[in-house]
Amino acid sequence: MRNILRAISACAALFFCFGALGQSNFASLHGVVRDPHQQPVANASVVVTAEATGAARRLTTNPDGFYNAPALAAGEYMVAVTSSGMVTLRRNLTLEVGQSLDIDFQLQLSSVA
């Protein structure tokens with residue numbers, strides 16, 4: 001009986017330890033950048049700047065317009081998205097611990113003066 005209790009205790013401890021490993025103290029931000037015709041924008045610049053520290057994470061979209069910013073500290077951010085011939089788009093957002101936020105951006109063509 002004593003061995004059974006030890007085995008159950010060991011299994012319970014492992015269960016709780018592995019559950020804790022799945023948790024994160026960070027957030028992530030990801031999405032797709034598109035043009036006015038809903039086509040993906042490859043090589044667009046996405047800059048994620050922490051309002052509290054000014055630290056910036058610079059990303060480039062892949063051929064499908066996808067960007068991914070993992071392991072961001074919780075807090076307030078300014079996201080700036082731009083591509084050649086397009087108007088820069090800026091957005092303020094707040095990330096929380098463990099959050100995985102999906103935000104798509106649609107860029108507009110810049111007007112020629």
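Where in the chain is the place of S28? S28 sits in strand β1. This model is predicted. The chain has one helix and eight strands. The briefing starts with the whole chain, then turns to single residues and pairs.

**The chain as a whole**

- Read from the N terminus, the elements follow the order α-β-β-β-β-β-β-β-β.
- The chain has 113 residues, and 27% of them are buried.
- Take the contacts between residues at least 6 apart in sequence: 55% of these join residues at least 24 apart.
- The accessible surface of the chain is about 7600 Å². Carbon and sulfur atoms account for 57% of that surface.

**S28 in strand β1**

- Is S28 buried or exposed? S28 counts as buried because its relative accessibility is 15%, and the cut-off for buried is under 20%.
- The side chain of S28 makes a polar contact with the side chain of S100, at 3.3 Å.
- S100 is also one of the residues in contact with S28 once neighbours within four places in sequence are set aside. The others on that list are A69, P70, L95, Q99 and L101.

**The salt bridge**

- How many salt bridges does the structure hold? It holds one.
- The partners are D104 and R34, and their closest N and O atoms are 3.4 Å apart.
- This pair links distant parts of the chain, with the two positions 70 residues apart in numbering: they are 70 residues apart.
- R34 belongs to strand β1, which covers residues 26–34. D104 lies in the loop between β7 (100–102) and β8 (105–106).
- D104 has 39% relative accessibility, so it counts as partly exposed.
- R34 has 25% relative accessibility, so R34 counts as partly exposed too.

**T61 in a loop**

- T61 lies in the loop between β3 (56–60) and β4 (66–73).
- Why does T61 count as buried? Its relative accessible area is 3%, and buried means under 20%.
- A polar atom of the T61 side chain lies 2.7 Å from the backbone oxygen of V41.
- The backbone nitrogen of N43 lies 3.0 Å from a polar atom of the T61 side chain.
- V41 and N43 also appear among the contacts of T61, with neighbours within four places in sequence left aside. That list further includes V33, A42, A44, V46, F66 and Y67.

**The aromatic pair**

- Which description fits two aromatic rings? The distance of the centres and the angle of the planes describe such a pair.
- A search of the whole structure finds one aromatic pair.
- The rings belong to Y67 and F105, with centres 6.1 Å apart. Their planes stand at 45°, so the pair is tilted.
- This pair also links distant parts of the chain. Y67 is in strand β4 and F105 is in strand β8, 38 residues apart.
- Y67 counts as buried because its relative accessibility is 1%.
- F105 has 3% relative accessibility, so F105 counts as buried.
- Y67 ties back to the loop residue above: Y67 is one of the contacts of T61.

Key: Residues numbered from 1 in each chain as written. Predicted model: local features only at pLDDT ≥ 70, side-chain atom pairs only at ≥ 80, totals over all residues. Heavy atoms only, no water. Helix = DSSP H or I, 4+ residues; strand = E, 2+ residues; numbered from the N terminus. Buried < 20%, exposed > 50% of the residue type's maximum accessible area, 1.4 Å probe, protein only. Contact = heavy atoms within 4.5 Å. Areas by Shrake-Rupley, 256 points an atom, 1.4 Å probe, with all protein chains shown as cover. Salt bridge = Lys/Arg side-chain N within 4 Å of Asp/Glu carboxyl O. Polar contact = N/O pair within 3.5 Å; in protein donor to acceptor, adjacent residues only side chain to side chain. Phe/Tyr/Trp six-rings, centres within 6.5 Å; stacked < 30°, edge-to-face > 60°.
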